[in-house]
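Visitor: Please give me a close look at one part of this protein: the empty space in it. I'm new to this, so explain any terms as you go, and show me what lies around that space too.

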Amino acid sequence: MSTSVTYTAVLDVKRSTAEHLAGLLRGHRIAAGTRKRRRALGCFKQAVLVLRWFLGGTRLAQLARDNGVSVSTAYRCLHEGLTVLAAGAPDPATALDRAKAAGLTHLNLDDTVIRTDRVAAPGPGGADLWWSGKHQHHDGNVQVIATPDGWPIWVTPVRPGREHDTTGARHHGLIDALNRIAAELDMPTLVDLGYENAGDGFRHPHKKPAGGELTEAQQTYNKVIRGIPGVCERANSLLKTTFKALRRVSLDPSRITKIAAAALVLLQLEYDRTT
């Protein structure tokens with residue numbers, strides 16, 4: 001008697017999203033010169049495999065078993081899906097141009113931590129590059145630019161978890177770009193104290209001076225500005241609550257760059273929105 005159980009499941013995603021991804025995969029195969037019937041899975045089945053991994057964080061071994069392929073084939077299918085999706089993510093210049101065209105009053109910038117499995121990668125001074133002393137686990141840091149209502153419009157490539165927010169922002173050229181857009185369009189970027197001293201284009205709470213007190217005006221300003229992190233966190237929450245795969249990544253941490261970019265594209269497809 002068989003010990004396995006077969007059941008039917010419904011994937012909580014629009015069919016148009018799956019069809020769009022299948023179309024991208026089909027285009028990728030054509031460009032690569034892949035002959036028909038030479039792949040273990042059709043484009044639509046491969047798209048569903050990728051979406052199951054994103055939405056439910058389904059293990060690759062399970063996806064391989066469900067599709068009757070080897071685990072190594074399932075990994076190849078996933079990485080191919082990540083590649084074609086991430087290719088459609090906007091670059092920072094495009095994202096900021098869209099923000100300008102939309103006439104936004106300001107932008108939000110915040111980082112989100114994406115936890116990774118233990119990985120040994122020595123950094124400066126021999127310290128583990130991906131170990132975050134703040135969070136006490138291995139993770140990658142991705143910074144998210146969002147609209148005033150908390151809609152993510154761009155995600156940065158991943159940086160090691162031990163790196164400071166402003167260090168990562170400078171590495172990606174965000175500090176100069178956001179200061180410039182603030183000067184040109186009077187469109188400041190609202191941030192938390194992790195971006196202190198980033199420039200005149202950034203707005204963050206006033207820090208209480210050592211041995212002193214904030215003025216009444218500064219206290220009032222802080223009450224207003226501290227409501228902003230909640231809006232920034234909405235963008236991060238949209239990504240992480242929609243895609244369980246972003247809560248913990250078991251792949252190489254460097255893959256987080258493509259995963260986050262692909263997640264942004266999928267989110268825009270699901271909600272049919274860019275800015």
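Guide: Let's start with some sorting rules. Ala, Val, Leu, Ile, Met, Phe, Trp, Tyr, Cys and Pro go in the nonpolar bin, Asp, Glu, Lys and Arg are charged, and everything else, Gly included, is polar. Keep in mind as we go that this is a predicted model.

How do you find empty space at all? You roll a probe the size of a water molecule over the atoms, and that shows where space has been left.

The largest pocket holds about 590 Å³ of space. It is lined by 16 residues, and Tyr 7, Ala 9, Arg 52, Asp 66 and Asn 67 are the ones closest to its centre. Sort the lining with our bins and you get seven nonpolar, five polar and four charged residues. Two helices each give at least two residues to this lining: α2, which runs over 43-56, and α3, which covers 60-67.

Helix α2 also gives us a way into the surroundings. Gln 46 falls within its range, and the side chain of Gln 46 makes a polar contact of 2.7 Å with the side chain of Glu 80. Glu 80 itself belongs to helix α4, residues 71-86. Is Glu 80 buried or exposed? It counts as buried, because its relative accessible area is 12% and the cut-off for buried is under 20%. Apart from neighbours within four places in sequence, Glu 80 is in contact with Leu 25, His 28, Arg 39 and, once again, Gln 46.

Now for the closed kind of space. There is one cavity of 30 Å³ or more, with a volume of about 50 Å³. Its lining is made up of Thr 112, Ile 114, Val 142, Val 144, Val 155, Asn 236, Leu 239, Lys 240, Leu 246 and Ala 260. Use the bins again, and you find seven nonpolar residues, two polar and one charged. Which elements supply at least two of these residues each? They are the strands β1 (107-116) and β3 (137-146), plus the helix α9 (228-242). Helix α9 gives the most, with three residues.

Stay with strand β3 for a moment, since Asn 141 sits in it. Asn 141 counts as buried because its relative accessibility is 7%. Its side chain makes a polar contact of 2.9 Å with the side chain of Asp 111. Skipping residues up to four places away in sequence, Asn 141 touches Asp 111, Thr 112, Pro 157, Val 158, Arg 159, Pro 160 and Asp 165. You've met one of those already: Thr 112 is part of the cavity lining.

For contrast, here are some exposed residues. Ala 183, in helix α7, counts as exposed because its relative accessibility is 67%, and the cut-off for exposed is over 50%. Its C-alpha atom is 22 Å from that of Gln 143, a residue 40 places away along the chain. Follow on from α7 (174-185) and you reach the loop that leads to β6 (189-190), where Asp 186 sits. Asp 186 is exposed as well, because its relative accessibility is 60%.

Asp 186 also has a backbone detail to look at. Most residues other than glycine have a negative phi. Asp 186 has a positive one, near 55°. Asn 197 has a positive phi too, near 70°. You'll find Asn 197 in the loop between β6 and β7 (202-203), and it counts as exposed because its relative accessibility is 65%.

Finally, step back to the whole protein. It has ten helices and eight strands, and its C-alpha atoms fill a box of roughly 75 × 45 × 35 Å along the principal axes. Of its 275 residues, 44% count as buried. About 14600 Å² of surface is exposed, and carbon and sulfur atoms supply 51% of that. Among contacts with a separation of 6 or more, 65% come from residues 24 or more positions apart.

Note on methods:
Residues are numbered from 1 along each chain as its sequence is written. This is a predicted model: local features need pLDDT of at least 70, side-chain atom pairs count only at pLDDT 80 or more; totals for chains, interfaces and linings use all residues. Side-chain values use heavy atoms; hydrogens and water are left out. On a 1 Å grid over the protein atoms alone, a cavity is a set of points where a 1.4 Å probe fits but cannot get out, and a pocket is an open set with protein on both sides within 12 Å along at least five of seven lines; lining residues have an atom within 4 Å of a point. Grid points are joined across faces, edges and corners, and a volume is the space filled by probe spheres set on the points. Helices (H or I, at least four residues) and strands (E, at least two) are DSSP runs, numbered from the N terminus. Buried means under 20% relative accessible area, exposed over 50%, partly exposed in between (1.4 Å probe, protein chains only). A polar contact is a pair of N or O atoms within 3.5 Å; within protein, one must be able to donate a hydrogen and the other to accept it, and residues adjacent in sequence count only if both atoms are side-chain atoms. Contact means heavy atoms within 4.5 Å. Accessible areas come from the Shrake-Rupley method with a 1.4 Å probe; for residues, only the protein chains shown count as cover.
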